[in-house]
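I opened this one to see how the sheet, its helices and the charged pairs fit together. My notes are below, in the order I looked things up.

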Amino acid sequence: MRKHGLSENGGSTDTGDTLRNLTPKGLEAASWELRRPATEMGSTARGAGSSGASHPMAVNETVIALLRPKPDLAKLADDPPHIQAAAQAAVDGPSGIGTIGSYWTEVPLPATGTWNAPGKGGAQADLVLTAPQDQVPLLFIEVENCHETAEELAAKLEKYARFFRRTVKDTDGKERPMWCTCWAVPEHEYGEMPHPPVLLVFNRIGERSPNRTIPRLEELTRHLWKGQWLPEGYHSYDRKIPIVAVGLRSLREHGPQGPVFFRFGRDRPQSLLDAIGNPRLAAVRAREREKARVRQAEYQAQLREIAREQAAKKAVEAAREAAQREARRPSCAGCGNRFTDERWEAAEETDWGRLVDPHPHLCDDCKAVTVASAAPMPGRQEEHQEPLPEWARQEFMRFPHRPRCTECKAAFTDERWKAVERTGWHPLGQENIRRCARPALRSTRTASRTRGQRGAPTSPRRSGRSRSRCPSRSPAGGFHACAPDPMRGQALRNLQGRRTVSRGVTISLLPAGPPDDVPYELWEGEEEALAAAAAGFRGRSGAAPFDG
């Protein structure tokens with residue numbers, strides 16, 4: 001390092017060890033290795049060797065005792081056995097705290113001024129340890145060589161207290177302690193906000209005994225570290241400074257894990273983590289968490305029991321509803337089997353209050369059989385089809401089979417079938433093509449009423465005769481029978497398809513019937529109706545409607 005200008009001779013210690021001071025170039029190289037800005041590396045320790053460099057060497061020993069680095073045994077394979085044994089003991093020993101980059105030396109703590117230009121009245125920490133990975137987020141370390149009195153040490157701790165109480169406005173505009181703006185410290189898990197702890201390391205090389213200095217210092221700084229006892233069984237150290245003392249020799253021997261740290265206000269030594277913490281509060285919080293866990297477990301057990309009871313009630317209710325539903329489930333009228341859910345739903349489906357299914361009382365199988373049996377079969381129709389007459393055995397028949405009346409459902413006679421099959425220049429009335437040979441009762445009554453108005457005698461109506469009765473339902477041979485056509489005759493054949501108006505009353509004449517050689521029976525009022533129709537037509541056009 002001296003060859004490259006990174007260090008220089010700094011004198012020697014009282015034990016004869018040679019000191020090396022880093023040059024500005026060496027500080028810059030060290031900042032690169034430690035990944036710190038060069039402005040935070042401090043200054044060179046010039047003049048330290050003139051006094052034997054006792055304090056810098058004690059600071060170095062403190063860092064090594066807390067860090068407890070583990071040597072690489074592979075690189076010590078060629079060294080003497082006693083060196084290898086010491087290295088093996090260091091490897092087997094307890095681990096330290098942090099890394100080399102976790103330690104900062106000669107850090108100003110400005111009670112006034114700024115970080116770069118601290119004012120008077122502030123302190124300067126020998127070491128600052130930040131190792132949150134080892135549960136030590138922030139620790140200030142003061143190394144004493146037993147040259148200062150208890151009062152001088154108390155004054156130094158007062159400067160620490162002034163610095164801890166100083167607040168500045170943070171970037172979010174809120175007032176916070178100044179030390180919180182430099183070091184990231186998580187919020188205390190127990191809701192308190194104690195100040196960062198201060199560790200006093202006594203290197204017994206001076207004339208003052210730490211056994212007498214520490215009790216006196218404890219009394220002088222009681223207002224800084226004493227907490228408040230709470231009924232729950234622990235001390236609250238809110239806004240207090242945890243002050244811990246340890247000897248460098250004990251620290252070097254046992255490390256930070258050993259019970260060699262004395263905290264002011266406590267009666268027994270502890271490890272470093274217990275000394276800077278609050279074990280009683282941690283125990284109380286642990287008991288509270290355990291009680292909360294037990295209460296939560298009991299509550300969850302109660303919830304599970306309630307849920308089980310509710311599930312049992314729901315199961316009973318579901319079973320009861322299922323039994324009621326099964327009791328309401330319909331049975332097939334054909335086979336007697338119960339409906340399936342799908343068939344039940346389909347059978348109860350409605351459209352505007354009307355059942356959609358034509359067979360709601362049958363299951364799917366019986367419904368399929370019923371529909372199949374009701375469907376027309378060509379072979380079966382041919383077997384039961386009556387033989388056609390000779391005149392109907394021709395092509396282009398309007399009705400290839402004997403039609404039936406749409407009102408009375410009676411089969412047409414041969415004469416009526418011929419009448420509806422006959423084609424000519426005039427089309428057949430579509431309103432009468434599906435009806436049997438029924439007289440135009442409305443037209444007859446209208447003609448009779450017209451004749452009555454003109455003074456002509458009217459024939460009395462026969463009692464007990466229904467005006468809306470189908471002709472096929474009257475006795476055979478009567479004027480309502482489907483066989484005889486009431487409109488036969490030469491006059492009606494000439495008037496086929498015409499409409500006659502008599503004094504505002506329209507008379508519709510039905511199509512002509514079969515030829516004249518078929519016997520014909522007059523129906524009641526037929527002659528009067530024909531006379532009235534002829535008279536009305538003659539009065540309107542002045543010509544005879546027919547020549548017969």
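These entries go from the sheet to the helices, then to the cores, the odd backbone angles and the salt bridges.

**Entry 1: the sheet**

I noted at the outset that I was working with a predicted model. I started with strand order. I found an open sheet of six strands, running β3-β4-β5-β8-β11-β12, and the pairing is mixed. Which strands sit at the edges? Those are β3 and β12 (262–263), each of which pairs on one side only.

I then looked at the β3 end. β3 and β4 run antiparallel and are joined by six bridges. To fix the register I picked out T105, which stands opposite L127 in β4.

**Entry 2: helices on the sheet**

Next I checked what lies on the strands. Helix α2 (residues 54–67) lies across β3, β4, β5 and β8, and I get an angle of about 145 degrees between α2 and β5. α4 also packs on the sheet, where it touches β3, β4, β5, β8 and β11. The direction of α4 makes about 155 degrees with that of β5.

I spent a little longer on α2. It has 14 residues, and from first C-alpha to last it reaches 20 Å, close to the 20 Å expected at 1.5 Å a residue. Which residues of α2 are buried? I listed A58, V59, T62, V63, A65, L66 and L67. For the spacing I kept the usual rule in mind: an α-helix has 3.6 residues a turn, so residues three or four places apart point the same way. The cover over the buried residues of α2 includes β3, β4, β5, β8 and α7 (248–254). Right after α2 comes R68, with a positive phi near 50 degrees.

**Entry 3: the nonpolar cores**

I ran through the cores next. The largest one has 29 residues, and L109, F140, Y160 and W183 have the most contacts inside it. Which elements give two or more residues to this core? They are β3 (103–109), β4 (123–131), β5 (136–144), α4 (150–165), β8 (198–202), α6 (222–225) and β11 (243–247). α4 gives the most, with eight residues.

I clicked on W183 to see what surrounds it. Setting aside neighbours within four places in sequence, W183 is in contact with V107, L109, W115, V128, T130, L138, F140 and F163. Another core lies apart from the largest one; this other core has 26 residues, I97, L127, V244 and L248 among them. I had already met L127, as the residue opposite T105.

**Entry 4: positive phi**

I went looking for unusual backbone angles, since most residues other than glycine have a negative phi. E106 has a positive phi, near 50 degrees. E106 is found in strand β3, and I call it partly exposed because its relative accessible area is 39%.

Q135 has a positive phi too, about 65 degrees, and is not a glycine. Where is Q135 placed? It is in the loop between β4 and β5. At 61% relative accessibility, Q135 counts as exposed.

**Entry 5: salt bridges**

My search of the whole structure turned up 21 salt bridges. The background is simple: side chains of opposite charge can pair when their charged atoms come close. I looked at three pairs.

K367 and D357 form a salt bridge with their closest N and O atoms 3.1 Å apart. This pair links distant parts of the chain: K367 is in helix α11 (residues 364–374), while D357 is in the loop between β14 (354–355) and α11, ten residues away. Is D357 buried or exposed? It counts as buried because its relative accessibility is 8%, under the 20% cut-off. K367 has 24% and so counts as partly exposed.

D267 and R268 meet in a salt bridge at 3.5 Å, N to O. D267 is exposed, with a relative accessible area of 69%, whereas R268 is partly exposed at 49%.

The third pair is E148 with K156, at 3.7 Å between the closest N and O atoms. Both count as partly exposed, E148 at 27% relative accessibility and K156 at 22%. I also noted a network here: salt bridges that share partners join E142, E144, E148 and K156.

Terms used
Residues numbered from 1 in each chain as written. Predicted model: local features only at pLDDT ≥ 70, side-chain atom pairs only at ≥ 80, totals over all residues. Heavy atoms only, no water. Salt bridge = Lys/Arg side-chain N within 4 Å of Asp/Glu carboxyl O. Buried < 20%, exposed > 50% of the residue type's maximum accessible area, 1.4 Å probe, protein only. Helix = DSSP H or I, 4+ residues; strand = E, 2+ residues; numbered from the N terminus. Core = buried A, V, L, I, M, F, W, Y, C linked by side-chain atoms within 4.5 Å. Contact = heavy atoms within 4.5 Å. Pairing = 2+ DSSP bridges. Axes fitted to C-alpha atoms, helices over the stretch in contact; angles between N-to-C directions. Expected span 1.5 Å × (residues − 1).
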